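Please look through the model shown here, and then work through the questions that follow on its sheets, its strands and its enclosed space.

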Amino acid sequence: MDNYEDSLPSSSSPASWSPSSPPTTPEISDDGFEIERLPSPFESRHVSNGSPTFVLVIGGLGYIGSHTVLELLRGGQNVIIVDNLSNSYESVLDNIKLLAANHCKAEGIPVPLIHFHRLDYRSRSMRFLLESYTDLVMTIDAGGQQNMTYRSRIESVIHFAAYKSVVDSLKHPLQYYQNNVCGLVSLLQQLDKYGIHNFIFSSSATVYGTKSNSGRPLQEEDVVHHAEEHVDSAGTSSVLQPSAVGLSCPYARTKYFSEAILADVAAANAAWRIVALRYFNPVGCDPSGLLGENPRGEATNLYPVLTQVLAGVRKSLDVFGTDWATPDGTAIRDFIHVLDVARGHMAAMAWNAACGDGFRAFNLGSGSGTSVLEAVRSLEAAAGRSIPLTWSGRRPGDVGVCVASTERAQNELGWSPRESVAQCAADLWNFVKRRMARDGASEFALQV
Ligand code: UD1
């Protein structure tokens with residue numbers, strides 16, 4: 001992990017803060033990724049009270065990140081993307097820009113700013129990036145006294161950048177802890193220095209571990225990080241205690257530990273407003289077919305594997321587990337359209353800025369369960385072709401049922417999912433068709 005120098009003093013001592021220079025030697029991230037140097041010199045800081053503000057999206061070219069960036073741009077927000085392209089492609093940026101420009105043209109509104117920085121969010125370059133979006137601003141206090149203070153033009157950060165394969169995490173636990181946990185800690189230190197405290201974190205239903213099998217939709221109260229008082233729907237009050245039950249792999253533990261760290265950070269400093277969004281199973285894509293899920297490494301999640309079967313680069317889908325206690329014996333998941341997930345980020349960001357207070361977790365799921373077999377059938381209907389299946393044993397670490405309660409997100413964020421599993425299938429098939437027509441099936445083969 002990089003060690004960052006503490007060269008930025010608090011806003012009360014601006015005179016001692018001298019501009020730093022970007023690093024002069026090439027940087028290699030811990031996983032061997034060469035990091036592109038930021039342009040030098042950086043945008044110079046300047047005295048300003050009216051510069052544009054931004055949302056910083058770390059991992060903004062990945063599957064969920066790209067759809068969220070598009071949603072932010074459609075909503076008129078200026079966006080800074082930081083992405084090291086370890087599991088994404090720069091061409092995604094062109095498609096985001098195209099879709100945003102089309103939307104803004106149709107609406108007759110100006111296209112927001114979009115800045116892309118290809119770098120690893122753990123690299124030292126992050127510090128220079130944050131510095132370049134910091135202004136020296138003049139304020140006048142109640143007594144008419146003029147003061148100079150530093151203010152970031154980054155109003156909120158959405159942090160997607162993390163490794164997310166259950167299988168890989170079992171093989172490479174240290175890489176997972178390094179990126180997902182150590183990287184997060186360094187990032188929070190950096191943001192704190194620059195006075196950026198509105199933070200949205202990509203968490204996962206994986207934090208519920210084997211509580212998923214409890215036979216009811218998962219509520220945020222099922223996993224808390226500090227003792228908290230809770231009154232259930234029958235009016236019975238209790239004190240919830242922090243606990244983790246049946247976390248199945250290092251990946252799951254990185255998400256749980258990250259949430260716990262965020263809750264501690266928010267408890268220690270009232271400036272922080274932190275939301276953890278616990279994703280269930282995001283699937284589907286933008287209806288344009290220009291954005292979608294196309295992992296660089298081996299596909300292991302259900303829909304990317306189904307995509308490969310549809311594209312003909314994989315012969316059949318291995319159905320992991322046909323003996324679960326579910327109506328058709330296959331596992332049940334809460335599949336949610338990625339655009340609903342993207343809208344969930346917009347709602348969470350607005351809620352956090354307006355009434356966020358400390359740390360709060362929200363589920364982003366559809367609230368209803370679909371079996372693996374039902375998911376396959378919906379995709380077959382959309383594609384008009386059958387998908388060959390191979391019945392296999394259970395995959396290690398899997399749970400039988402995992403469905404969200406959406407009550408908290410609906411009540412507090414005012415967010416509800418809109419799209420059906422059938423819509424997810426239709427949009428995914430449109431993405432596959434378009435890509436295959438343009439690039440052929442190899443587009444969906446293993447790419448590293
Ligand atoms: C897992 C994690 C989740 C994480 C997500 C992204 C757990 C419990 N869940 O979700 O937190 O965010 O990965 O990486 O750790 N399936 C097949 N054949 C396949 C692939 C999948 O039958 O080739 C089945 C799985 O066994 C499972 C369902 O499809 O029952 C969904 O699997 P997947 O898409 O990998 O997501 P999760 O395991 O639910």
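**Sheets, residues and a cavity**

Seven strands form an open sheet with parallel pairing, in the order S5-S4-S3-S8-S9-S12-S17. This is a predicted model, in which local features need pLDDT of at least 70 and side-chain atom pairs count only at pLDDT 80 or more, while totals for chains, interfaces and linings use all residues. Residues are numbered from 1 along each chain as its sequence is written, and side-chain values use heavy atoms, with hydrogens and water left out.

Q: Which strands stand at the edges of the seven-stranded sheet, each with a single partner strand?
A: Strands here are DSSP runs of E with at least two residues, helices are runs of H or I with at least four, and both are numbered from the N terminus. Two strands pair if DSSP finds at least two bridges between them. An edge strand has a single partner, so one side of it is left without a neighbour in the sheet, and this holds for strand S5 (114–118) and strand S17 (358–364).

Q: By how many degrees are neighbouring strands of this sheet turned against each other on average?
A: Axes are lines fitted to C-alpha atoms, for helices over the stretch in contact, and angles run from 0 to 180 degrees between N-to-C directions. With direction ignored, the average turn between neighbouring strands of the sheet is 15°.

Q: In S4, which residue is the bridge partner of phenylalanine 54?
A: Strand S3 (residues 54–58) pairs with strand S4 (residues 78–83) in the parallel sense, over five bridges. In S4, phenylalanine 54 has as its bridge partner asparagine 78.

Q: At about what angle to S12 does helix H8 run?
A: Contact means heavy atoms within 4.5 Å. Helix H8 (residues 338–355) lies across S3, S8, strand S9 (198–204), S12 and S17. Its direction relative to S12 is given by an angle of about 160°.

Q: Is valine 82 buried or exposed?
A: Valine 82 is found in strand S4, and, leaving aside its neighbours within four places in sequence, it is in contact with residues including Leu56, Ile58, His117 and Met126. Buried means under 20% relative accessible area, exposed over 50%, and partly exposed in between, with a 1.4 Å probe and protein chains only. The relative accessible area of valine 82 is 1%, so valine 82 is buried.

Q: Is alanine 270 buried or exposed?
A: Alanine 270 is found in the loop between helix H6 (250–268) and strand S12 (273–279). Its relative accessible area is 75%, so alanine 270 is exposed.

Q: Which residue in S19 stands opposite valine 319?
A: Along strand S14 (residues 317–320) the side chains alternate, with Leu317 and Val319 buried and pointing to one face, while Asp318 and Phe320 point to the other and are not buried. Four bridges join S14 to strand S19 (residues 389–392), and the two run parallel. Opposite valine 319 in S19 stands tryptophan 391.

Q: Which helix gives the largest share of the lining of the second largest cavity?
A: The lining of this cavity has six nonpolar, three polar and one charged residues, where Ala, Val, Leu, Ile, Met, Phe, Trp, Tyr, Cys and Pro count as nonpolar, Asp, Glu, Lys and Arg as charged, and the others, Gly among them, as polar. Lining residues have an atom within 4 Å of a point of the cavity, which is a set of points on a 1 Å grid over the protein atoms alone where a 1.4 Å probe fits but cannot get out. The largest share, three residues, comes from helix H7 (residues 302–311).
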